[in-house]
Structure formats: structure tokens, C-alpha cells
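Visitor: I have a structure open and would like to walk through it with someone. Could you take my questions in turn?

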Amino acid sequence: MPRAHTESGKQAPIAPVPPTPVAERREVTCALRDGTRLRTVLLVPHGTGPWPALLTRHPYDATRDEHEGMLDVGRLVAAGYLVALQDVRGRFGSEGVFDPCAQEEADGADAVAWLAALPECTGAVGMWGASYASETQFSAHLGGAPALRAIAPAMTPAMSALDGFRFRGGVPEIGSTLAWTHYAIAPDMITRIDSAPGREAERKRWEATERAIRSGDAYRAGALHADPDAEAIVVWGLDRLREPLGSARHRAGKIVDRIDAIDIPVFLIGGWFDVFLGSTLEIYRRLLHRAKDTGGPVPRLLVGPWTHDDMSGRTAGVDFGPGASADDLGGRGDLTAQHLRWFDATLRAGAADTPPVRVFLMGSNRWIDLDEFPPRGTRTLELYLSAGESLAAEPAGSGERRLTSDPASPVPTCGGAVLLFAPFEAGPADQTAIEARQDVVSWRTAPLTEELTVMGAVRAVVHVATTGTDADVVVRLCDEHPDGSSRVVADGIQRGSARSVDPVTGRGDRRPVEPGRDQEFTVDLWSTAHTFLPGHRVRVDVAPSSSPRWDVGRNAFEPAGAIPAPAAAEYTIRYGAAHPSRLVLQVVTAAPR
């Protein structure tokens, strides 16, 4: 059964397909400029070449792509493509030392040049792959790879390290870092240690990390600044979370400062519940803006109701229907077919017969085709936090609600666009138990009398006063069903001390929050495409934490070099005309058909 490789090390089923035989399989080495040799599996088509080539590069054992990858590589070969599957430096069958992200520009450029020069190749190369394998695509292009003519990055973190996976709203994503380093990367690194005593010592550190994750000690308040007995790659990841937001290390492998250098066709694939949704859509927005300004290639976008680990369209107790799967895409062919159309158009000058944008509209549970996302004609709808725990089109009464932020008892993560370890699942999870907590406050509309379709950006503006010198504000947009269940649609977080820091570039200064003073927090919930049906309610939850997804705040400003002790703090959330706390949505009058 084909599966999608993921950053957490899990595998998610897509759909069974019959194997497609290839003419020849070769396991070869690709020599880089410094002599390092990378294991590469070449799958050669039937017939007489040369052929255009398709390449994927990642750290998760490239041989798995032969039978368990995101795409059916046999069908790629049968369609007349020379296919190359490659382990990056320092992983599985490849030589060298793995330096995440930082190594991929030069290595990727070398790999593309090597593949293009093979006698079986026409000299034209495309790349595909999800997650880390999406970042290697941008890196190869930026490293100088003229033979690379088109890329198809899926679930991509390539925009910035600060807007999902490593940080969000200035808050370290400690759960994602632990999931990736400990489960996806550490095991192979341990097997590569030369000495038996060294391997055993690192294995014991892995077991210590495992115990700490299972007990919760790995992500309790203050854990980020502890000195864990953890394996080397976990320490590497935690060190990155301790770096200042403006650190150059956060730019390694990212395109945040180099978007104008991306001048080849790009097909972006994302998921509404993927940890990299923000990065995927920000790349799309910036490439689209540049295309309009310069006449360059218009990016293509496909977004499904998927998590990072699962493209089946069934997650967190919700089944979006058989057409939601990456194996169906609403009757338009599976993800492999979509890629073949893309590469035929960009590498073979075929017909570009697919829409620029195709997104899954949740709630209505159908795919829609657009010229761009969000579609033209969207309008802004503001729903104000009001008296009586209501959301209203105008501020209705003024007042305040209070909650206690206790680092010793954080709000547990429940669904959303997460990449975590069991039992924390991504997706539209029911929030009923979470909303019953005393430290979660909610507002909701009256039952809707007609459909309300959100299609675009979602943000919240929340007026908060705290007794501490820092505060974290978590906001969730939920769809409350007539049966009382409340399912998360989009969410986000903002740390008070980072309100002046650009969430993508990291530029700006952190500063403490003034205790007792009303502060305006703007929380980015990224974007969605979701229809709230008649009888449903739009609901907003506000909380001070979400653990293990995000680092549990101390409620105290942390200047460089200082590690204050965690302390409880009282939050006062104010609303009304003088303190217009509100949800801001991009909506359409009628959802496209």
C-alpha cells in the first residue's frame, strides 16, 4: 500500500494500487563535489531513451519510495520518466554526516547536475516530495541547478522556520521538534555510530528521551531550558528552539529572503491540518504576487482536508468522503496522475489542462476549482466577542472574562494542524472536553440560518491584560454542530513578548508585557476553506496554552541569558466597543461550484 513519508516517522496509508513493473532498477552512487557518495535508486523506463528525469531526495530511506511513497513511482516510469530516489547526505545508504537543511543547496544542485548528465536523461529534471523532500527541491534550485525545470513541493516547511514546526507566533513548537528528531531522525543516526559502546550510550539516551516523552517531562514548563539526557539530534533540535527568533540558523534551507530567486514553475500541495500549511500558503501568495508583477510562472496549488501524516480524508473522527482522498481528488485522478500532468506540461511542453488552484471545501465536502486562493470577491467578516458569550456582527455590550494560566497544568493539545506523537492526533478533533476546562473561554454565534463559507485568511484580535510580564494567547476557530460537538477548523498562538517580531522573517525586538495593562494580541490562524452549515455555530475558544504542541509559557519575560521560574498568572480578556476583541474572516457570498 503506498504511503506518505512524514516528518514524524509515521507512515500514512493513501490507497492500494497494483504495482507497475519497470524495465530496469539500478542502485548507484551519485558523487558530490567533495567526493561524498549518495545512494541513489534509478528506475529506468522501457524503450529507448533519453527521458526527462524526476528526482526525490530526503532522509527517510529512499528505497521505501519504491513501494510506500507519496507517488506510485512505477507509473512515473511507465509514463516515460527516468526516476531517481536518493538518500541525502548522512542518511541510510549515503555517506557523510547529516546536517539538517544546511547541506541541501550544494548537495541538491550536484545531484540534479549528475542526473541531468546521465546518458539516459534528456537534461531536463523535475523534483517532487513532501516535507523535508519538499525543502530539498527549493534548496537544489537555489544552489544553482539549471537543469531543474519544475518542482512539486508538498507539505513544505521551506518558507520559514518561524511560522510552523519550529516556532509559531514566537512560541517554540517543542512537540514537533521532539517528534521529528526523536522518532524520524535519531534511530538511523544511532545505527551509524562506529563504536559499539558509542551506539549503546546513544541508544540509552534515546530510551531516556522516550521515557520523558511518555511521562510528559520532555515538554513540561521549563523543559526547554533543562539539560536533558537526550540523543544528539534531539539536543540539536532543542538548541534551535533556544536560538533568538532573528538567528541566522533559522534561515538555513529556507527561502524567506530569496523568494525572488524561485523562477521555475512550482506546484504546491498542502493540507488544511498540516503543520506546514502556513509555509505552503505563504510561498503560494508570494510567488503569485511576483507572477502578477513580473509575468513569471504562476504557481499551482492543491490543498486537501489532510494532515501531515494522512491524505486519506479521514482523520480525528471525521470522514470527509471518498472524494477527499489523495487517491481520488473528486474524480480527477489520484496524486500521481496530478503530478504526471504537471511534469508533462512543464518538462515536455504538454497541455496545461488543470486549474491553477484546487482546494477542498470542508463542511460542504467537495473540491472547488479557482483561479487563485483566496478567490477574488472575498469580503471581510468581523465577529465580535460580546456579552453573553456571544459572537456578533457588532460589539454587543462590554465586559471581561478571566482565566488562570497555570504552567503546571497546561491546556492539552487536541487536534489542529499538528505534527506530534501518539496519542496527539492532527485534524478536526472534537474540543468538547477541552472547552470544559476553567482556563478555556469561548464565544459563539447563534445557530446559523444559512451557509457561511470561510475561504481565506483567519485571524483574531484579542484584548488581554495579565498579571505576568509575558503571556501566550491560543485561539481556535471551531464549528459547533447541532449535537453540541465542537470541531477545530483552524488555530494559532501569539506570545506577548514577540508581538513586534515579524512572524516569517523574525525581524523585530522582543519586549516584556506590562502587567495590568490592556494589550492587543493579533493571532494568525493561517487560512481555511470551510462551510458552516445551517444550524451550526461559529465558535471561538481562547486559552493560555496548548501542550505538547507549544512550549508552555512561564508568564514571565525571558531576556537573553535569563531563565525565570514558571508562575501562574491571571488573564483578563476584555471585549466591547472600547476593547474590540474579534474574529476576522475572509468569506465568500456564495461558494464557487
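Visitor: Happy to begin with a charge and a ring. Over the ring of which residue does the charged end of Arg91 sit?
Guide: Please keep in mind that this is a predicted model. The charged end of Arg91 lies 5.4 Å from the centre of the ring in question. That ring belongs to an aromatic cluster that also includes Tyr132 and Trp236. The residue under the charge is Phe98.

Visitor: Which residues form that aromatic cluster?
Guide: One of its members is Phe98, the ring that has the charged end of Arg91 over it. Another is Tyr132, a buried residue of α4. In full, the cluster is made of Phe98, Tyr132, Phe165, Trp180, Trp236 and Phe276.

Visitor: Which kind of pair do the rings of Phe421 and Phe424 make?
Guide: The count for the structure comes to 14 aromatic pairs. For Phe421 and Phe424, the ring centres are 6.1 Å apart, and pairing asks for centres within 6.5 Å. Both residues are buried. Their planes stand at 80°, and over 60 degrees counts as edge-to-face, so the pair is edge-to-face.

Visitor: Now for empty space: how much of it lies in the largest cavity?
Guide: The structure holds 10 cavities of 30 Å³ or more. In the largest cavity, 19 residues form the lining, and the closest to its centre are Cys101, Phe165, Arg166, Trp180 and Lys254. Phe165 and Trp180 also belong to the aromatic cluster. The space in the largest cavity is about 210 Å³.

Visitor: Which helix gives the largest share of that cavity's lining?
Guide: α4 (132–142), α5 (174–191) and α7 (232–242) each supply at least two lining residues. By class, the lining divides into 9 nonpolar, 5 polar and 5 charged residues. The largest share, 4 residues, comes from α7.

Visitor: How many of the residues of α4 are buried?
Guide: The buried residues of α4 include Glu135, Gln137 and His141, along with Phe138 and Leu142. Just after this helix, Gly144 takes a positive phi of about 100°. The helix is largely enclosed by the rest of the structure, because the buried count is 11 of 11.

Visitor: Is Ala106 buried, partly exposed or exposed?
Guide: Ala106 has its place in helix α3 (residues 104–116). Its C-alpha atom is 7.0 Å from that of Ala140, which is 34 residues away along the chain, and Ala140 is buried. The relative accessible area of Ala106 is 30%, and the range between 20% and 50% is the middle class, so Ala106 is partly exposed.

Visitor: Turning to the strands, how many bridges join β21 to β24?
Guide: Strand β21 covers residues 452–466 and runs antiparallel to β24. One pair of bridge partners is Thr453 and Thr531, the latter in β24. Strand β24 (residues 519–532) is mostly covered, with 11 of its 14 residues buried. The number of bridges between β21 and β24 is 12.

Visitor: And which residue of β27 stands opposite Glu382?
Guide: Strand β27 (residues 582–588) is largely enclosed by the rest of the structure, because 6 of its 7 residues are buried. It pairs in the antiparallel sense with β17 (residues 379–386) over 6 bridges. β27 is also joined to β21 by 6 bridges, again antiparallel, with Leu585 as the partner of Val458. Opposite Glu382 stands Val584.

Visitor: One last charge: how far is the charged end of Arg499 from the centre of the ring of Phe521?
Guide: The charged end of Arg499 sits over the ring of Phe521, and a charge counts as over a ring if it is within 6 Å of the centre and within 35 degrees of the ring normal. The distance for this pair is 5.3 Å.

Note on methods:
Residues numbered from 1 in each chain as written. Predicted model: local features only at pLDDT ≥ 70, side-chain atom pairs only at ≥ 80, totals over all residues. Heavy atoms only, no water. Phe/Tyr/Trp six-rings, centres within 6.5 Å; stacked < 30°, edge-to-face > 60°. Buried < 20%, exposed > 50% of the residue type's maximum accessible area, 1.4 Å probe, protein only. Pairing = 2+ DSSP bridges. 1 Å grid on protein atoms, 1.4 Å probe; cavity = no way out; pocket = protein on both sides within 12 Å on 5 of 7 lines; lining within 4 Å. Points joined across faces, edges and corners; volume = space filled by probe spheres on them. Nonpolar A, V, L, I, M, F, W, Y, C, P; charged D, E, K, R; others polar.
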